[in-house]
Each structure stands twice: as structure tokens, then as C-alpha cells.
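The following note sets out, point by point, the features of this model that merit attention during review. Please read each point alongside the displayed coordinates.

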Amino acid sequence: MRKHKTLGEFIIENQAAFKYSSGELSKLINAIRLAAKVVNHEVNKAGLVDIIGASGDTNIQGEDQQKLDVMANEKFIQTLTNREIVCGIASEEEDDFIAINSLDKKHQNKYVVLIDPLDGSSNIDVNVSVGTIFSIYRRVTPIGTPVTLEDFLQPGRNQVAAGYVIYGTSTMLVYTTGHGVNGFTLNPAIGTFYLSHPNMRYPDTGKIYSVNEGNYTHFPQGVKDYIKYCQEEEGDRPYTSRYIGSLVSDFHRNMIKGGIYIYPKSNKTENGKLRLLYECNPMAYIAEQANGKASDGFRPILDIQPTELHQRTPFFCGSKKMVEKAEGFMLKSP
Ligand code: AHG
Ligand code: MN
Ligand code: MN
Ligand code: MN
């Protein structure tokens, strides 16, 4: 059997290549690796213990929180807080950002983390893959002062790292620090992630389109036209339609096989559904690092200046040529 590098080894070897090589970012990725293992353990026994179903609460997005949303949120926040390696955390499941005031370190930590603790949580009850998405920035306010909203409202272009965990048929951690994208598979017997997918890249084009067509009548004309284009009998078309309803899973498949994911605006939701800071920015950064493309239909996701924590945006993400084609339809009929 081929010897795979472990995630731990990879982090140490690549520390020098990180933009800021103080070791802080390495520690942070290590903490995420640990929290991912804990959440993986919980997700995998979801059917056996009383953690399936709604928690009874609603989050700031107006969504019913699932018990696992709450659990994953707690695990990631606890792990990052206890290790005192970030100065702030923002989460899909929290109304406001959390400032981490470590007394002895006096706000010396450089990084903020933004997180979607459990993505695709409506799929848990039916045993479909769910995920975690994370995004890391260097704070913009001075070190030594408490973190502010400004530190979280940065364009995605400023990310220093981003990644996701997919709790699937096997559990994987996929991330980038701006030097390509690498995927690690968990060996659950020994609790170690191994480098299984080095240098992941979207094919330039593909044959899969992923969109919730149940909302078709409410879509902008450009999206309707693009969907019709995907279905036409011509050249390499019709394409295959695949939609899991877990962004992480849909993204992961499309990156490996080639495809496009679309969550457009509709006449019911002005900015679509997906959250710019917790979902679209990290996925867009990974996509660009993997030879793919991500836009809101008109401009790169990573160039958007966020104005609020829980902001939503339309999202077109995938193989370059497919995203460009969809953008062409949007330009004609926005
Ligand atoms: P979350 O579970 O973190 O709230 O995210 C759900 C998102 C995303 O994972 C998925 O692609 C999308 O919602 C599906 O939405 P629809 O059911 O409207 O298609
Ligand atoms: Mn949610
Ligand atoms: Mn999500
Ligand atoms: Mn979520």
C-alpha cells in the first residue's frame, strides 16, 4: 500500500509556505482538524442517540436549528476558544460575532474564523452527507485591541485559509492556504487524516449542473435560459442534473467530476439563500485555488465587500467554462 502523508505531517512541512509563518495558522488548522474529528464522531452515531431532529430553536437566519447544528457549533467554538488561538469567531448559528478575550495574551491573536458548523443540516435525518465550512482571515484592527465587526467584514479575497469537512461515505477535510487545494481522508480506526487528494483541481468544463429546480418558476430569466441550455440535445449536452442539497457535498462532487452549482436569487429571495461569509466566500476561495470560478452571476464572489455578518448572495460556482457560460446568460437576461 502506498504511504500517505498525514495531515499533521503536511501542516508542519507546509508551514514555511504559509503567508504568515509564525505557526499560529498551523495551530489553528490543527484545532479545526481536532474539532472535525469530534463532530465526525457525533454525526456518525446520529441514528443511535437522541441527536437527530430539531432543537426547537431558530437561528438569526430564521432557520429551525437542528440538534446537530447546535452541537457542531458548540464543538467548534469550544475547541477554538479553549486553545486561545483566534481573537474572534463568527458563526451561522450565532447572532453576533464572539470576541475572545484571553487575559494573558491581551488580544495578541491575529486570526478570526468564520464558520458554518453544519452545512446541509436538513439532510441529517435521512443519512445524507453533511459538512462543515470554515474561513480564516487576518484581523485588520490593531493587535492588542479587542476584535471588531470590521475584522469579519472583509472581502473573500483577503482569506488566508478556507476549507470544508465532508462527513460522507468517508470523512474528508479539504482546505487551502492559497497554495492549491489538498484533500485528506480520515481513517476512523486510528483517527488520523491522510493526504488522499493532493492538488485538487476542477476540470475546465464538466457535464453536471446542480440547482434546486423546484424553484424554477421564481428564477431570473438568465438562470432559466442556462438550465434550458444544459438540457438541450447538442454537442456534449444534455448535462446530468445532480443536487444533494448539501452545498459541501454538491461542491465536492463537482470539483472532482467537473460541474456547476447554482443558488440564484429568485423573486422570493432577493439574494438567494447562501451566506456570503460562512458559505460562499470559503467555497469561492477553494474554487479559485482549484482552477474553478465563483461569482454572483456578474462579479467574482471574492470581490464583494460585505456589509453584514449574515449577508446572503446568489452563488454560481464550478468549472470555469461552465460558470462563464452561465454568466453570459445572466448578462443577457439578469
Ligand atoms: P445550512 O444547512 O448550513 O443552513 O445550509 C443549507 C444550504 C446548503 O447546504 C444547500 O446547498 C442549500 O441550503 C439547499 O437549499 P434548498 O433546500 O433551498 O435547495
Ligand atoms: Mn442553517
Ligand atoms: Mn450551510
Ligand atoms: Mn449550517
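1. In this predicted model, helix α1 (residues 7-14) lies across β8 (171-176), β9 (181-187) and β10. The helix runs at about 70° to β10.

2. The strands just named belong to an open sheet of eight strands, in the order β4-β3-β5-β6-β7-β8-β9-β10. Pairing within this sheet is mixed. Its edge strands are β4 (98-99) and β10 (192-197), each of which pairs on one side only.

3. Within the eight-stranded sheet, strand β5 (residues 111-119) and strand β6 (residues 130-138) run antiparallel and are joined by seven bridges. On this pair of strands, D119 stands opposite G131 in β6. D119 also appears among the residues around ligand 1, a site taken up in the next point.

4. Which residues are found around ligand 1? They are E63, E92, D116, D119, G120, S121, S122, N212, G245, S246, L247 and K273. Sorted by class, this shell comprises one nonpolar, six polar and five charged residues. D116 and D119 fall within the range of β5 (residues 111-119), and L247 is the residue at which helix α6 (residues 247-257) begins.

5. A second open sheet contains five strands, ordered β12-β11-β13-β15-β14, and its pairing is again mixed. The edges are occupied by β12 (240-241) and β14 (292-295); each has a single partner strand, so one side of each is left without a neighbour in the sheet. The partner of interest for β14 is strand β15 (residues 315-319), which runs antiparallel to β14 and is joined to it by four bridges. Here A294 stands opposite C317 in β15.

6. Two helices should be examined against the five-stranded sheet. Helix α6 (residues 247-257) packs on the sheet and touches β11 (208-210), β13 (259-263), β14 and β15. The direction of α6 makes about 150° with that of β13. Helix α8 (residues 320-332) also packs on this sheet, touching β13, β14 and β15, and its direction makes about 145° with that of β15.

7. Helix α8 has a helical partner as well: helix α5 (residues 221-231) packs with α8 at an angle of about 140°, with their axes 8 Å apart. That angle makes α5 oblique to α8, and the crossing is right-handed. On the α5 side the contact involves G222, D225, Y226 and Y229, and on the α8 side A326, F329, M330 and K332. By class, the contact of α5 with α8 has five nonpolar, one polar and two charged residues.

8. How are α2 and α3 arranged with respect to each other, parallel or antiparallel? Helix α2 (residues 24-44) and helix α3 (residues 67-82) pack at an angle of about 155°, and their axes are 9 Å apart. The two helices are therefore roughly antiparallel to each other. Their crossing is right-handed. In the contact, A31, L34, A35, V38, V39, E42 and V43 of α2 meet L68, M71, A72, K75, F76, T79 and L80 of α3. By class, this contact has 11 nonpolar, one polar and two charged residues.

9. Two points of backbone geometry deserve inspection. A cis peptide bond joins R237 and P238, with omega of about 5°; P238 lies in the loop between α5 and β12. E84 has a positive phi of about 50° although it is not a glycine. E84 is placed in the loop between α3 and β3 (88-91).

Key: Residues are numbered from 1 along each chain as its sequence is written. Chains are lettered from A and ligands numbered from 1 in the order in which they are written. This is a predicted model: local features need pLDDT of at least 70, side-chain atom pairs count only at pLDDT 80 or more; totals for chains, interfaces and linings use all residues. Axes are lines fitted to C-alpha atoms, for helices over the stretch in contact, and angles run from 0 to 180 degrees between N-to-C directions. Angles under 35 degrees count as roughly parallel, over 145 as roughly antiparallel, 65 to 115 as roughly perpendicular and the rest as oblique. A crossing is left-handed if the near helix is turned anticlockwise from the far one by less than a right angle, and right-handed if clockwise. Two residues are in contact if their C-beta atoms, placed from the backbone, lie within 7 Å. Ala, Val, Leu, Ile, Met, Phe, Trp, Tyr, Cys and Pro count as nonpolar, Asp, Glu, Lys and Arg as charged, and the others, Gly among them, as polar. Two strands pair if DSSP finds at least two bridges between them. A residue is near a molecule or strand if its C-beta atom, placed from the backbone, lies within 6 Å of it.
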